[in-house]
Amino acid sequence: MYKIQTLNAISPKGLNRLPADRYIVSDHSTDADAILLRSFKLHDYPFSNNLLAVARAGSGTNNVPIQTLSESGVVVFNAPGANANAVKELVLAGMLMGCRNISPAMDFVHSLQGTDAEMSVAVEAGKKQFGGFELPGRTLGVIGLGAIGVKIANAARSLGMNVIGYDPTITIERAWQLDSDVEAAPNLDALLAESDFITFHVPLIDSTRNLINAASLQKLKDGVILLNFARNGILDDSAVLAGLESGKVYAYVCDFPSNALRTNRRVITLPHLGASTREAEENCAIMVVDQMRDYLENGNICNSVNLPNVKLRRTGLTRIAVVNQNNPDMLGKISHVLGQAGVNIAHMLNDSKGNMAYTLMDVDSVVSEDTRVALSAIPGVLKVRLL
Ligand SMILES: NC(=O)c1ccc[n+]([C@@H]2O[C@H](COP(=O)([O-])OP(=O)(O)OC[C@H]3O[C@@H](n4cnc5c(N)ncnc54)[C@H](O)[C@@H]3O)[C@@H](O)[C@H]2O)c1
Ligand SMILES: O=C(O)CC[C@@H](O)C(=O)O
């Protein structure tokens, strides 16, 4: 039986794909084979030695200590693109809420008192405070053209906006998906200087922390609308608040509330709702459960952030799965141990990602526990499983 620990609510549509005769799913296991989570902060979490996989039912993995897990040979999965449409829709809603002043206008209506006739007079007198502007012809800057950024860029084009994007590491797949009228900004400053709306869709990493700060704020157009549905920390909140105060920033729409933000009338802040749709939660859960199950049962890897994609059709009598450091001569040492044990490799795939490597082998015989232990003892080998 595989033990799966859930650290957040994971859609039953995903969990139901784990057969009860092979999987025990619990939210309080102490020796789990795999962990399923969403935004639970896993840094400093006590991992069991059994742990083989961590699966993030979402896109961002900044709540997962990838380096520490890699050092123990634990595979970390995520669900690329599975919640992108949900985020796209909320960003579009946020753009419209920002430019049409919907949140302060609603606050105004909530504050009205008196009869309907009195209210009608107050509405007509008061509504001029909330006049806004339209999207067509305005320029949207999209920072990060991954699963979410590309969808937003394309949707904004279909709404008649000019779109410029900035992503120095855009993949070929995403570039193919991009509307051909989306312009590539030569650098971040050019995007900041030309955009009426700027939306951020980058992971929180050292190079994306405080992309908007006191200095970069000065490069923005006056009256810009900023949207952060990526992560807290990508914009420096105090710089954005200063920009709202000076009029440089017209509105700030974000998914990451703080005390300073939530009381400002020109800030629309939501409770991390970007991926909170039935569809996105189901897509993410199904994707990571399938990936985790294929890894646990067959050793195949798909959509891991720390190991390469490796998928091998099952042949042979025994499958050997080895997670190791990406060092010279690892394959030589692994095949030497198997040769000494009289084990013949029928099929093999080996690939690497950064300083991690993975080897999946189908062999023609039963492999003893002694041989598994001998493979585990090779310096640089992190995990060995017989499947
Ligand atoms: N609010 C939410 O609920 C919610 C939901 C999903 C994702 N997110 C956040 O959004 C982020 C993006 O999600 P995604 O699914 O589009 O991820 P993704 O991996 O598909 O795309 C991220 C893109 O950012 C680019 N990038 C990295 N560093 C950059 C930099 N310095 N400048 C410009 N581009 C850079 C990458 O090349 C990549 O194309 C996630 O990492 C996560 O933090 C939030
Ligand atoms: O699980 C969630 O609700 C949020 C997920 C989101 O932050 C992500 O990075 O995919």
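**Note on a three-domain chain with two ligands**

1. Start at the N terminus. Strand β1 joins strand β3 (residues 34-37) through three bridges, and the two run parallel. One facing pair here is T6 with L36 of β3. This is a predicted model.

2. β1 has another partner. Residues 2-6 make up β1, and residues 23-26 make up β2. These two strands also pair in the parallel sense, over four bridges. Look for Y2: it stands opposite Y23 in β2. As background, strands of a sheet pair through backbone hydrogen bonds, either parallel or antiparallel.

3. Next, the domains. The domain assignment splits the chain into domain 1 (1-82 + 275-306), domain 2 (84-96 + 133-269) and domain 3 (308-387). Note that domain 1 is written as two segments, 1-82 and 275-306. Domain 2 also has two, 84-96 and 133-269. Domain 3 is given as a single range, 308-387. Between the C-alpha centres of domain 2 and domain 3 the distance is 45 Å.

4. Now find the sheet of seven strands. This sheet is open, and its pairing is parallel. Read across it, the order is β8-β7-β6-β9-β10-β11-β12. At the edges are β8 (183-184) and β12 (267-269), each paired on one side only. Helix α3 packs on this sheet and touches β9 (197-200), β10, β11 and β12. The direction of α3 makes about 150 degrees with that of β10.

5. Take one pair from that sheet. Strand β10 covers residues 224-228, and strand β11 covers residues 249-254. Five bridges join them, and they run parallel. Within this pair, I225 stands opposite A251 of β11.

6. Which domains give residues to the shell around ligand 1? Domain 1 and domain 2 both do, so ligand 1 lies between them. The shell holds 33 residues, of which S59, G60, G144, G146 and G274 come nearest. Two elements give two or more residues each: α3 (84-99) and α6 (147-158). The largest share, three residues, comes from α6. By class, the shell has 16 nonpolar, 13 polar and four charged residues.

7. Ligand 2 has its own shell. The residues around it are R38, S39, G58, S59, G60, N83, G274, A275 and S276. Compare the names with those in point 6. S59, G60 and G274 are listed around ligand 2, and these three are also among the residues that come nearest to ligand 1. How many residues of the ligand 2 shell are polar? Seven are polar, with one nonpolar and one charged.

8. Move on to the C-terminal part. A UniProt annotation from an unreviewed entry, "domain: ACT", covers residues 319-387. The end C-alpha atoms of this span lie 5 Å apart. The span is 28% helix and 43% strand.

9. An open sheet of four strands comes next. Its order is β14-β15-β13-β16, and the pairing is antiparallel. The edge strands are β14 (345-353) and β16 (381-386), each pairing on one side only. From one strand to the next, the twist averages 10 degrees. Helix α14 (residues 369-376) packs on this sheet and touches β13 and β16. The direction of α14 makes about 160 degrees with that of β16.

10. Look inside this sheet. Strand β13 (residues 318-325) and strand β15 (residues 356-363) run antiparallel and are joined by eight bridges. There, R319 stands opposite D362 in β15. β14 and β15 are also antiparallel, again over eight bridges. In that pair, I345 has V363 of β15 as its bridge partner.

11. Finally, check the turn between β14 and β15. The two strands form a hairpin, with two residues between them. Which residue in the turn has a positive phi? It is G354, at about 60 degrees.

Notes:
Residues numbered from 1 in each chain as written. Chains lettered and ligands numbered in written order. Predicted model: local features only at pLDDT ≥ 70, side-chain atom pairs only at ≥ 80, totals over all residues. Pairing = 2+ DSSP bridges. Axes fitted to C-alpha atoms, helices over the stretch in contact; angles between N-to-C directions. Contact = placed C-beta atoms within 7 Å. UniProt positions renumbered as here; feature names shortened; annotations may be inferred. Near = placed C-beta within 6 Å. Nonpolar A, V, L, I, M, F, W, Y, C, P; charged D, E, K, R; others polar. Domains from an automatic or database assignment.
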